[in-house]
Amino acid sequence: MPDSPTPDSASSGNDQHTIAIVVGPGVDDPSPGGPAAQANLFGFEVEAVEECRLFHVRGPDASLSGDGLEQLAGSLMADRVGQWWIAAAQHESFVAGDGRRLVDVGLRPGVTDREGAELVRAAAELGVPIDAASVGRRLIIHGDLDDGQLDTLMTRALHNDVIERWAEGFLEPAFTDPGAKSAGIDTIALRDLDDDGLAELSKMRRLGMSVAELRTVQAHFASVGREPTDGEIETIAQTWSEHCSHKTFRAQITLPDDSVDGMLKQYLRAATETIDAPWVRSAFVDNAGIVAFDDEFDLAIKAETHNHPSALEPFGGANTGVGGVVRDILGVSAKPIAITDILCFGPDDLPLHELPDGVLHPRRIRTGVIAGVGDYGNKIGVPNIAGAILHDASYTTTPLVFAGCVGILPRDSHPTEPQPGDAIVVLGGAVGRDGVGGATFSSQTMGAETAEIAGSSVQIGDPIVEKGLIDVVVAARDAKLYHAITDCGAGGLSSAVGEMGETVGAEVDLALVPRKYPGLAPWEVWLSEAQERMVLAVPDPEPVLALAKRWQVDATVIGLFTGDGRLKVTDGEDTLVDLDTTFLHDGRPRLGLAADTPVTIRSTRKPADIDLKTACLALLAHPSLRSHEAVIRTYDHEVLGGTLVRPYGGVAGDGPADGTVLIPPGISSGKGLAVGIGVNVVLGRYDTEAMAWAAVDEAVRNAVCGGADPARLSLLDNFSWGNPTDPETLGHLVAACKGCHDAAIAFGAPFVSGKDSLFNEFVHPDGRRDPVTPTLVITALGIVDDPEVVPLTGVTAAGTDIWLVGPLNGALGGSHLDDLLGEDLGGEVPRPDPDAAARHSEVAAAIAAGLVRSVHDVAEGGLASAAAEWAFSGRLGVELYLGSKPTLEVLFGEGPGRYLVEVEPAQAQQFEELAPSARRIGAVSAERMVRLGANLRVTLDEIADAYQGGAIQ
Amino acid sequence: MTTPSVLIPIAPGTNRNQELADAFELAGASTAQVPISDLRRGEAKLADHQILALPGGFSYGDALGAGRLLALDLETWFADQVREAVLRQMPVIGICNGFQALVRAGLLPGTGAGAATLAANVPPGFECRWVTLAPEAGSSSPWLADIRGPLRCPVAHGEGRLAVEDLESIGGRTAFRYVSDDGGSADGRYPINPNGSVDDIAGLVDSSGWILGLMPHPEDHVLDRHDPLRGRSPGGNCTQLFAAGVTAVSA
């Protein structure tokens, strides 16, 4: 809703004034994703939406009038070429008129506003000091809109109520009140509550705790003879949340004819323990997995999800998703060197009347998420090297954002044991109310009302602060200045200090914690996630504080590690938390859950009348498989200068690569790392065990295409699932974990870290539930011993031979062909293949021997799609000898362990010796055409048209 | 002959400093990567170095316009040192964000030319792709002295569209233009000209030729393995650009 105008607040006391300045000319984005196009989606006639910048500034008269203002606005707000500035009221009098609406949009108080803060700093340097500033935008909407239409347009398309406010006329500036009073510490009356009372407490405080858990808490405080404080209850809720404790993955699960002693233990960790790989240095215990790279360095790897926040505030959610996973890498003392992102959206063309209340349109989510991912990675200076964009109807209400990060650290340089007497040092941004309750929020289902109540859980990131954290932490690590480190993730200081102090105990005085603004209750300071913060256990704070000052990063000592096994938090004189760390970390009653055994029996395949060429081109244009180069171009994948195989390559840089390869900066071994991603949402609809196996295989395949040694791979698992208290949903999860376990063992590739995001389910006002289609992302990290032999993207020369490694026929059940047809035509899904591991090794051996000019994995869309993409990347022809009438299984079937390999004819014999399961299946030609058997021909222009949605360049 | 030292200041948000240092070291210089706070405290001084190189990144988060607040540093805190460096013809190079700062500080295109700016890209948005750069024929800038053919390297920016008040006055100050792979004119066409810069101008020098700024990242193509085409292309390795700066102060 618009804020009501309060014109008298334009000036306040003394000689302090508030003024508003508009900087133009406004910019109109006429693109299909732009504001005017969005307005037209609602059936409103809007010709253009011009966006100007809007500055609110509070300060002394001298800075805000005459020469002072001239200097402030002329030097810091408007560009000297092509821009002008003007007082907002004056601008309004010029611009307002028939057929135009003027709307001012600004951030809500407390939302990160880096530009506003920089304006205050810069103004002081210029000698025109100001007190406060905030940066917003003024929209000039050209079109005849009535008030209702304007409200709809602003609410549904042009602003986000979670972080912004809007008003016609005067918009109250987003300055925080310097005189705001802080709330105190409350005691929670727990002792006499019955089950209903406990359930009500959980709901009221949004604790996300079960009655059984609260009963345990009740008994604990009864035994110590007092009631808990609000801070204690919140601390326990965060520590025991799904997000922090993975209680579903640790739960005892009962199946109709079986039981699982914790999915994490029985499947994921079990695979890692069985494989017992010597290159795994740390798995599952820390912020990220750590594996050996060369003789001097290790690699750290982690992937996270940020689904709930991205659904509500796509830019901020995705932005802080990247920021969070980069911090995880920093939390194991590694320098971040690569980012990955897998993004899942609903259909781009979803009609508005099908969009449920409380849900943003998929196109809006897509635009915001991509901008958020790009903004963080680009600004922090870490290349984004791998990813995927997937579409599924279920992603409309539950969009998914997976973000991953790879880091590098010298061997044995990550200390993990805080010592009694160590100071607790907080590095990075101050604490605000944004980010309160992130962990409990992300562990609950969403509904139409979620956006209203969860606003405070969504944050805007500040990558510049985090870039400073990287510089300080790496320098502090190299100088051996700390005994332990972790990041402030969801749960903020409570989880960071709580985890670090788990064995030694810790004391914190919240009065020492820097705050963005006054008015925060002690429990909020303790619990707020606040991005871009790390906590260090430091024997001598002085050198760390000096280092932080040098890099312009805030650092504060807030307490110490004690050695008494208690977590004690005070706010000055008052005690907020005084808990036994054993109870906090081990006191949670184990969850018991029931699961069904999934039914995966497939019907016999029905015949379909399909034109082969049409199907081939339609698959290339499939929303998940078509070119996403335009997105990749908005991410910096070159920074750090180590990228060897980019996400898009080939002669024109527009062909899809499989695995991406990086040579880490600062190493001397000359080795590289390859990252492969595996994910298959179509299979997730039918058989999650087969899906998991296929996803592991795809990740391995992609890494192998990048030159990785398949005998030294490490894996990450990232699950995004529905509500696990539903036995059917949980049954699918158990099956997927089993698939992960079996595939990891088949490939000898251990899991080193993972993360589950559960409760990805939207509950409609009428109670109808929309769970997300089970989605599992597998990331494979491999070592490339000799980057010189890494194959090129796209076929390279006419006259070379094409070999197929793996079976000619694929499976059509759960294929992208069926996804395209919008119908399950039945038939077997791709089954686990015990011979796939041997085929990965064959291809890797041929690559290592320098025999492979180029390679492409046979993935979604089968052989036809693989051949077409490969030819397009190299701008050459590909002919596959498939006879006169290849079957659908040959052309479009999908399955594990399949590759197309380009080899010089003269090296055929050597290749065959290293890859005995390969068969010569075709040749590269100069004719700019793909021939699939005698009768199916597709030109490169047709491929470009379908794959890129336009003509070839 | 002593090894020249290159000062590489790092503001909050600067991020291509290491590659820039690597490129200069490959060209025979030593480098000092220094947080801007060291310069402010006087612990590092421009006068102790022979080349000033402003790296890419997002100094101060691009707040209030890319490079503007780094320019403010140059104009306020280090105004005297910068003035002195310009007077003694110290080679200065600004890449991407460094170029934006040099332009916003008025050092490029410099006195005697109309004002210029690096505005939001057209088409809009951040763009990361490889481009081909032709050095301006007849330029007397020492930075361009050894460059024989077109260079190839990536751009990675969202605010790189050169716009000028007076194109005529820029005349002799063009350093590089975006061209097609075969050296043909871009003629404003995207993506050969990736940001809509006027006259396809990718880089500028000042009237002395000692101050160079450009949007693309030559420091990202100084090794053969940097090239995404890996041997399938004409080359365009940019080491010679850094070598020219080093040679100019080694003589």
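Which residue in β2(B) is the bridge partner of Leu7(B)? Have a look at chain B of this predicted model: the partner is Ala32(B). That pair belongs to a longer run of contacts, since strand β1 (residues 5–10) and β2(B) pair in the parallel sense over 6 bridges.

Now zoom out to the sheet. Those two strands sit in an open sheet of 9 strands, and reading across it you get the order β2-β1-β3-β4-β11-β10-β9-β6-β7 of chain B. The pairing is mixed. At the edges you'll find β2 (30–35) and β7 of chain B, each of which pairs on one side only. Ignoring direction, neighbouring strands here are turned by 25° against each other on average. Helix α1(B) packs on this sheet, where it touches β1, β2, β3 (51–54) and β4 (92–95) of chain B. The direction of α1(B) makes about 160° with that of β2(B).

Next, stop at strand β11 (residues 211–214) of chain B. In a regular strand, side chains alternate between the two faces of the sheet. So what covers the faces of this one, buried or exposed residues? Both faces are covered: Ile211(B) and Gly213(B) are buried on one side, and Leu212(B) and Leu214(B) are buried on the other.

The strand has partners too. β4(B) runs parallel to β11(B), and 4 bridges join them; here Ile95(B) stands opposite Leu214(B). Strand β10 (residues 201–205) of chain B runs antiparallel to β11(B), joined to it by 3 bridges. In that pairing, Leu204(B) stands opposite Gly213(B). β10(B) and β11(B) also form a hairpin, with 5 residues between them. Take a look at Gly209(B) in the turn, which has a positive phi of about 85°.

How does chain B meet chain A? There are 42 residues of chain B in contact with 40 residues of chain A. On the chain B side, the elements that give two or more residues are α1 (17–26), α2 (36–40), α3 (68–75), β5 (116–119), β6 (127–135) and β7 (151–157). The largest share comes from β6(B), with 4 residues. Sort that whole side of chain B by class and you get 19 nonpolar, 12 polar and 11 charged residues.

Crossing over to chain A, let's look at a pair of helices. Two packed helices are described by the angle between their axes and the distance between the axes. Helix α18 (residues 463–478) and helix α21 (residues 541–550) of chain A pack at an angle of about 145°, with their axes 9 Å apart. The crossing of α18(A) past α21(A) is right-handed. On the α18(A) side, the contact is made by Val472(A), Ala475(A) and Ala476(A); Val544(A), Leu547(A) and Ala548(A) come from α21(A). By class, this contact has 6 nonpolar residues, with no polar and no charged ones.

Finally, the nonpolar cores. The largest one has 349 residues, and those touching the most other members are Ile21(A), Ile424(A), Val696(A), Leu715(A), Ala867(A) and Val901(A). Helix α26 (residues 688–705) of chain A gives the most to this core, with 12 residues. Pick out Val696(A): leaving aside residues up to four places away in sequence, Val696(A) touches Gly678(A), Leu715(A), Cys740(A), Ala743(A), Ala744(A), Phe747(A) and Ile778(A). Apart from the largest core lies another of 16 residues, including Ile140(A), Met154(A), Ala157(A) and Trp166(A).

Note on methods:
Residues are numbered from 1 along each chain as its sequence is written. Chains are lettered from A and ligands numbered from 1 in the order in which they are written. This is a predicted model: local features need pLDDT of at least 70, side-chain atom pairs count only at pLDDT 80 or more; totals for chains, interfaces and linings use all residues. Two residues are in contact if their C-beta atoms, placed from the backbone, lie within 7 Å. Ala, Val, Leu, Ile, Met, Phe, Trp, Tyr, Cys and Pro count as nonpolar, Asp, Glu, Lys and Arg as charged, and the others, Gly among them, as polar. Axes are lines fitted to C-alpha atoms, for helices over the stretch in contact, and angles run from 0 to 180 degrees between N-to-C directions. A crossing is left-handed if the near helix is turned anticlockwise from the far one by less than a right angle, and right-handed if clockwise. Two strands pair if DSSP finds at least two bridges between them. A nonpolar core is a set of buried Ala, Val, Leu, Ile, Met, Phe, Trp, Tyr and Cys residues joined through C-beta atoms within 7 Å. A residue is buried if 20 or more other C-beta atoms lie within 10 Å of its own, exposed if 12 or fewer, and partly exposed in between; C-beta atoms are placed from the backbone.
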